[in-house]
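Dear colleague,

I am handing over the structure below, and after it I set out what was found. Please read the notes alongside the coordinates.

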Amino acid sequence: MTGTRTDPPRAPRPARPVRARAVPDSGPPTAELILPVDQLTAIRRELTADTTELATASQWFESDPLWFKRAVFYEIHLRGFADGNADGIGDFVGLTERLDYLSWLGVDCIWLLPMYESPLRDGGYDISDYLRVHHDYGTVDDFVAFVDAAHQRGIRVIADMVMNHTSIDHQWFQEARTPGSPKRDWYVWSDTVERYQDARIIFVDTETSNWTWDPVAGAYYWHRFFSHQPDLNYDNPEVREAMLDVLRYWLDSGLDGFRLDAVPYLFEREGTSCENLPETHAYLKDVRRAIDAEYADRVLLAEANQWPSDVVEYFDGGGECHMAFHFPLMPRMFMAMRRDDAMPIIEILDQTPAIPANTQWGLFLRNHDELTLEMVTDDERDYMYAEYAKDPLMKLNLGIRRRLAPLLDNGRDEIELVTAILFSLPGSPVLYYGDEIGMGDNIYLGDRDGVRTPMQWTGDRNAGFSRADFARLYLPPLMDPVYGYQAVNVEAQLRTPTSLLRWVHRFIDMRKDHPVFGQGSYEALRPSNPRIFAHVRRLDDDIVLAVHNVARSAQAVELDLSGFEGMVPEEMFGRARFPRIGQLPYLLTLAGRGFFWFQLRKDDDD
Ligand code: NOJ
Ligand code: CA
């Protein structure tokens with residue numbers, strides 16, 4: 001494993017790697033950078049025991065096709081996580097060194113933002129070579145070593161895959177733009193900008209058309225995002241096959257699946273919005289069939305920023321994607337908090353169709369993009385801007401480019417409540433790196449860089465992210481007195497039993513003890529107090545009652561729990577028993593922004 005840049009731009013490609021069976025990592029545990037000694041010793045002991053056992057196994061995981069339904073995901077911007085070779089840029093060596101932290105935190109699956117060769121005009125979503133690791137991040141070997149080290153710790157890894165478009169720098173596009181090239185038909189060309197006029201523009205702050213003139217090609221090319229990201233032409237069977245081969249390459253190298261970027265836009269048809277087309281679904285089903293036939297336990301997670309009724313099509317009875325993000329839910333959790341009213345959450349969940357048992361929602365509060373407001377009404381968008389983007393610099397496209405903690409005014413109760421709601425819902429939570437310590441953002445940086453600043457590991461130089469000169473860092477770490485790395489960092493929060501990080505750790509632990517959260521049914525309760533969001537999750541005998549007060553003020557609520565008469569609610573963190581459920585409505589009082597999670601137990605349970 002090295003951190004050097006060993007991929008020359010056009011050297012022969014590495015052979016497709018074979019999913020490796022690595023030996024246990026014998027390097028020094030780097031957790032001592034951040035962990036107090038007593039915990040470090042305990043973790044070391046656990047790791048030593050685990051890895052010895054795992055190393056003798058032929059696979060790191062038992063076969064478990066539904067693992068993603070119970071998983072907690074953690075999204076990582078590789079560039080910003082940990083710099084292993086002191087060049088100011090995060091990389092696979094650095095990330096591998098931080099796996100002990102992620103293992104301690106309890107996450108089940110890492111989601112990596114694009115790690116491929118790219119000119120980085122869109123954070124790597126502009127790929128110039130699908131089969132190479134970006135030279136800043138290391139080599140394919142570093143990637144394989146990282147995946148193996150993650151697997152040794154029981155952590156799976158998925159990565160972004162941008163199927164819809166490439167960078168203009170990609171060799172395919174460079175060939176395609178040459179008139180008469182056999183690659184010409186790999187992209188979507190037109191002599192006029194009149195085609196596909198019903199397709200919306202997504203990056204409204206930068207683009208005025210989905211067509212851009214290419215003087216070399218003598219034609220316009222089609223792009224749903226930046227003009228430097230031409231869309232591939234999925235009507236061409238060679239493109240469809242080439243993309244499948246790209247997927248195979250990374251699955252062979254050990255990856256557990258993909259977050260399929262911009263997946264609704266693969267095909268175009270005149271007279272339509274060019275989104276969610278039947279042809280797109282047909283191709284995704286082909287992809288799924290191929291992966292199922294060749295690999296076990298992999299996952300496809302669709303990024304389809306659409307209404308629930310359209311998104312469920314990506315599950316297609318369980319034969320297309322395994323997971324899809326629930327975009328419309330996300331802004332409604334923030335709306336509920338500001339309005340002191342649970343209705344936005346209840347309504348969107350009411351509108352969410354049931355999904356097949358072998359599929360799952362990906363639920364999130366924040367990610368590497370702006371808090372998107374595409375899936376809200378115009379009035380709701382105005383409301384969100386008025387409440388959450390008071391400075392115009394906070395707006396981007398149809399969204400708000402801020403992190404979780406600043407959105408919630410750094411309110412600890414608010415962060416805990418909204419996290420509790422997220423974790424209580426049917427779906428798998430996806431955390432964004434740094435939100436577990438309440439990192440802030442920097443709205444003075446361009447585009448979405450303000451929410452992609454270096455992970456704050458310690459109060460030392462460069463937040464413990466890199467040993468490079470400060471001036472060399474890919475972005476400056478936060479240094480303001482509230483969110484700056486001297487105030488907010490992993491090391492300090494590990495030392496503080498009451499810290500947000502410790503709380504998140506306990507919360508993840510709790511969720512993982514109860515598969516009901518990932519796999520149980522969901523039933524909304526409808527108390528007359530609109531400030532209360534309460535629901536029941538059930539998986540066989542494991543019954544959880546979750547009650548959340550989204551209001552700032554204390555509230556009382558009467559819940560109809562008649563279906564559970566005779567059972568005893570046991571608070572899940574302290575295990576205190578509450579009064580037995582009788583025939584009358586069950587009365588609870590909650591502090592402002594307070595919540596209870598109860599396990600409903602039979603009266604004679606221990
Ligand atoms: C969605 C990604 O999340 C975003 O970061 C990117 O800019 C667009 N897709 C284009 O690939
Ligand atoms: Ca580096």
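I begin with a loop residue: N410 is placed in the loop that runs between α13 (404-407) and α14. Please keep in mind throughout that this is a predicted model. The phi angle of N410 is near 60°, which is a positive value in a residue other than glycine, and N410 counts as partly exposed because its relative accessibility is 33%, between the limits of 20% and 50%. A second case is D447, which sits in the loop between β16 and α15 (490-494) and has a phi near 45°, again a positive value in a residue other than glycine. With a relative accessible area of 32%, D447 is partly exposed.

Turning to the interior, the largest nonpolar core comprises 168 residues, and those with the most contacts inside it are Y74, L102, L112 and W250. Helix α7 (residues 237-252) gives the most to this core, contributing nine residues. If neighbours within four places in sequence are left aside, W250 is in contact with M115, Y116, Y130, L131, R132, V133, V140, F143, M161, L255 and F258. Another core, of 19 residues, lies apart from the largest one, and I543, V557, I581 and F596 are among its members.

As for enclosed space, the count comes to two cavities of 30 Å³ or more. The largest cavity holds about 350 Å³ of space and is lined by 25 residues, of which I202, F203, F225, E303 and D369 lie nearest its centre; its lining divides into eight nonpolar, eight polar and nine charged residues. The second largest cavity has a volume of about 120 Å³, and its lining is made up of 13 residues, with L404, T419, L431, D435 and E436 nearest its centre. The elements that give two or more residues to the lining of this second largest cavity are α14 (412-424), β16 (428-432) and α16 (500-513). By class, the lining of the second largest cavity divides into nine nonpolar residues, one polar and three charged.

Finally, there is the metal site. The calcium ion (ligand 2) has as its protein donors D83 (OD), N85 (OD1), D87 (OD), I89 (O) and D91 (OD), which lie 2.2 to 2.4 Å from the ion. Along the chain these donors of the calcium ion (ligand 2) follow the spacing D-x1-N-x1-D-x1-I-x1-D, and both I89 and D91 are buried.

With best regards

How values were computed
Residues numbered from 1 in each chain as written. Chains lettered and ligands numbered in written order. Predicted model: local features only at pLDDT ≥ 70, side-chain atom pairs only at ≥ 80, totals over all residues. Heavy atoms only, no water. Core = buried A, V, L, I, M, F, W, Y, C linked by side-chain atoms within 4.5 Å. Buried < 20%, exposed > 50% of the residue type's maximum accessible area, 1.4 Å probe, protein only. Helix = DSSP H or I, 4+ residues; strand = E, 2+ residues; numbered from the N terminus. Contact = heavy atoms within 4.5 Å. 1 Å grid on protein atoms, 1.4 Å probe; cavity = no way out; pocket = protein on both sides within 12 Å on 5 of 7 lines; lining within 4 Å. Points joined across faces, edges and corners; volume = space filled by probe spheres on them. Nonpolar A, V, L, I, M, F, W, Y, C, P; charged D, E, K, R; others polar. Donors = N, O, S within 2.8 Å, 3.2 Å for Na, K, Ca; no water.
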